[in-house]
Number of protein chains: 2
Amino acid sequence: MKTQTNPTIYTLAEKAGVSAATVSRALNNDKLINIKTRRQIQKMAEKEGYKKSPLARNLSLGRTGVIAALLPSINNPIYTYLAAKILERAQERNYSVFLNYSEDSMEREKKILNSFSNIQADGFIIFPSFSDRHEKCLKKLNRPVVIRGSVSGKCPFNAVWIDFHKGAYEATEYLIKQGQKNIRYMGFAGAVSCGDERPSGFIKAMSGNGMKSPYKNIIDTGFNIESAYRTALKFLSQTKPDALLIQSDYLAFGVLRAIGELKLRVPEDISIISFDNIEFSNYGTIPLTTMSQPFDEQAKLLVNTLLSRINNETLPVVHKKLDMKMILRSSVCKKIRNK
Amino acid sequence: MKTQTNPTIYTLAEKAGVSAATVSRALNNDKLINIKTRRQIQKMAEKEGYKKSPLARNLSLGRTGVIAALLPSINNPIYTYLAAKILERAQERNYSVFLNYSEDSMEREKKILNSFSNIQADGFIIFPSFSDRHEKCLKKLNRPVVIRGSVSGKCPFNAVWIDFHKGAYEATEYLIKQGQKNIRYMGFAGAVSCGDERPSGFIKAMSGNGMKSPYKNIIDTGFNIESAYRTALKFLSQTKPDALLIQSDYLAFGVLRAIGELKLRVPEDISIISFDNIEFSNYGTIPLTTMSQPFDEQAKLLVNTLLSRINNETLPVVHKKLDMKMILRSSVCKKIRNK
DNA sequence: GTGAAAGCGCTAACAC
DNA sequence: GTGTTAGCGCTTTCAC
């Protein structure tokens, strides 16, 4: 019972009395090989506990078997969740994923993007969070890329994104229908420069309802939860809007802290709708009404389009927009006006 | 300006008029190579945009360059955060990480563990969440393992864990000092079987203060946030304890929803301490007092001990216990008794 | 239908 | 101090 080294196609070949090439073909279920020998070899491999070496395989195939991903943040669960789903999908297809997070700095985002040309990956998944001016950089990669974010029709890369414009529009309309008048949008202003269409959806709904200067109703929270908290604390101690539309559930939790400190009640004093439908949004003191984005479908789409492109570089570029769904919970109420 | 294939040690060797072996050595900064030629080759590699192929390197070195990890859950941010930190540390050392989540099923945990013997990895990081009876299974792996969880002194694997016992003890003592009397512990009972020492710390503190039958004060919430919510809703509509000690911030958010629905206030009606110090615990309507566990240090320790072991299998087994720190926030108050 | 042999890009034992 | 060579485990072209 000695510790023996793992079986390889050579040891199998020897045992089976055939060549290594035959074993290789048989294990890849190559139709060229006689069905009987094929089965026989497969059975024997199974029995010997044979495991393909991805390393050797990939080296031989001239690929790396890794896809590199750039995501915005480690703290917002939507991204770690998406990352986990991307991982799962990729692992199913025998790819591994090299994860990177830009966190809250444009410099870091650029740096990582540049470092991507040093890392050999078969393809890239990019969530731009500070700038959409990455084209030259991504072109230099010289490898398939899929962007998670809205792009113009002529963008040469695959892209999948969420219809935040429509989502924000619907959410705002809903608030208005509930009798809310003084509504503010809160979010990271920098996101607009890389295709965040929530503000524009908000503005469209507000102007459509005859409200003046909706642009002034947009408040920059900064990128992270702490800055959202601080901004909200300052803002809400001066102003008492009826309702808030918040860029993400994540930032909403920052705002909620400010609301709690100011002894305001949700939704009686202030209604809230946010975006994403992270698991936490359904828990905590007040379950949040939110615009849900599809997780599994999105992750699947991201890795599938990328892998198809990797395996066939001549495929046409695909741009795919996904819809949101409103999840009604307890953070919005009907506004009763007594005047 | 044609698309040329990447430089290899061979193309470099040719250009430099030396052998490939020399290039390889120079790039590994091997002292054997004349310092001048070394620098020269390094410079040229830089200039030509040479990138080492990890595939070829690892194949040659007879390793895979991957470490496989089994974590409990994709939803509790503490694990995704820890995962991200583990990833970072591993990437620094040129290892990639194969992540797996057992989610809420013992079957899945077992299945993944078994599948680990099929995946060639250089080492394993295991967070047991349902059972600690994995020894035979882990032994079969025949590779270095580090366990994140408490183990007995004779456990043959590396392990690092958090001193939850002490943490729970201190948290409970603190509640008692604040005048809380009727205190309950809520958490996933199944965790005890794999070394969760929070309940025992809680019991020790409670009995030490002369409270009778502290065992009855332990409530099983199940594994996930939804079951924690349901359990709390049922429990709290019948009983009104002074304070709750909750196994994790994550589960606390489930409990908070129940508290919110029952129109109870934190901390006026009920005080709360939980564990982990995830980012969310500092936000939401009420910032949570929590027992913080070290993230960065933990991740570093996990991958460092594993990698040392991988590179030197004769190293002694290390068991390392990490301390918690109490983070005072707003979910606990002094209990004023009027009687 | 199967085998021989070269090649993927690197490392390391051995020779000089 | 540097070169030669074999080898890591697989795929695939070309022969037979």
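Author: A helix, as the word is used here, is a DSSP run of H or I with at least four residues, and helices are numbered from the N terminus. The model discussed below is a predicted one.

Reader: By how much of a helical turn are E261(B) and R257(B) separated in helix α11 of chain B?

Author: The side chains of E261(B) and R257(B) meet in a salt bridge, with 2.9 Å from N to O. Both residues belong to helix α11 of chain B, where they are four residues apart, so their separation is about one helical turn.

Reader: Is R257(B) buried or exposed, and over which ring does its charged end sit?

Author: The relative accessible area of R257(B) is 13%, and because buried means under 20%, R257(B) is buried, whereas its partner E261(B), at 37%, counts as partly exposed. Besides the salt bridge with E261(B), R257(B) has its charged end 4.0 Å from the centre of a ring, and that ring belongs to Y229(B).

Reader: Over the face of which residue does R198(A) lie?

Author: In chain A, R198(A) is placed 3.7 Å from a ring centre. The ring whose face it lies over is that of F164(A).

Reader: How many salt bridges does the structure hold over all chains, and how many residues apart in sequence are the parts that R143(A) and E313(A) tie together?

Author: Over all chains, the structure holds 28 salt bridges. One of them joins the side chains of R143(A) and E313(A), at 2.5 Å from N to O. R143(A) lies in the loop between α7 and β4 of chain A, while E313(A) lies in the loop between α12 and β11 of chain A, so the parts tied together are apart in sequence by 170 residues.

Reader: Which residues are linked with E88(A) in a network of salt bridges?

Author: E88(A) forms a salt bridge with R89(A), in which the closest N and O atoms are 3.6 Å apart. Of these two, E88(A) is partly exposed at 29% relative accessible area, whereas R89(A) counts as buried at 13%. The network of salt bridges that includes E88(A) also holds K85(A), R89(A) and E92(A).

Reader: How many aromatic pairs does the structure hold over all chains, and is the pair of Y185(A) and F202(A) stacked, tilted or edge-to-face?

Author: Over all chains, the structure holds 26 aromatic pairs. In the pair of Y185(A) and F202(A), the ring centres are 5.9 Å apart and the planes stand at 40°, so the pair is tilted. Y185(A) lies in strand β6 of chain A and F202(A) in helix α9 of chain A, so the pair ties together parts 17 residues apart in sequence. Y185(A) and F202(A) are both buried, and the arrangement asked for, given a plane angle of 40°, is tilted.

Reader: What does the pair of F280(A) and Y250(B) join?

Author: The rings of F280(A) and Y250(B) have their planes at 75° and their centres 5.9 Å apart, so the pair is edge-to-face. F280(A) lies in the loop between β9 and β10 of chain A, and Y250(B) in helix α11 of chain B, so what the pair joins is two chains.

Reader: Which residues form one aromatic cluster with F280(A) and Y250(B)?

Author: F280(A) counts as buried at 1% relative accessibility, and Y250(B) is buried as well, with a relative accessible area of 4%. The aromatic cluster that contains F280(A) and Y250(B) is completed by Y250(A), F253(A), F253(B) and F280(B).

Reader: How many residues surround DNA strand C, and which element gives the most to the surface near it?

Author: DNA strand C is surrounded by 26 residues, the closest being T22(A), R25(A), S24(B), Y50(B) and R57(B). These residues divide into eleven nonpolar, ten polar and five charged. Helices α2 and α4 of chain A and α1, α2 and α4 of chain B each supply at least two residues of that surface. With four residues, the element that gives the most is α4(B).

Reader: What share of the atoms of DNA strand C within 4 Å of the protein belongs to sugar or phosphate?

Author: A phosphate oxygen of the strand is 2.4 Å from an N or O atom in the side chain of S24(B), and a polar side-chain atom of R57(B) likewise lies 2.4 Å from a phosphate oxygen. For S19(A), a backbone N or O atom is placed 2.9 Å from a phosphate oxygen. Among the atoms of DNA strand C within 4 Å of the protein, the rest belong to bases, and the share of sugar or phosphate is 64%.

Terms used: Residues numbered from 1 in each chain as written. Chains lettered and ligands numbered in written order. Predicted model: local features only at pLDDT ≥ 70, side-chain atom pairs only at ≥ 80, totals over all residues. Heavy atoms only, no water. Phe/Tyr/Trp six-rings, centres within 6.5 Å; stacked < 30°, edge-to-face > 60°. Buried < 20%, exposed > 50% of the residue type's maximum accessible area, 1.4 Å probe, protein only. Lys NZ or Arg CZ within 6 Å of the ring centre and 35° of its normal. Salt bridge = Lys/Arg side-chain N within 4 Å of Asp/Glu carboxyl O. Near = heavy atom within 4 Å. Polar contact = N/O pair within 3.5 Å; in protein donor to acceptor, adjacent residues only side chain to side chain. Nonpolar A, V, L, I, M, F, W, Y, C, P; charged D, E, K, R; others polar.
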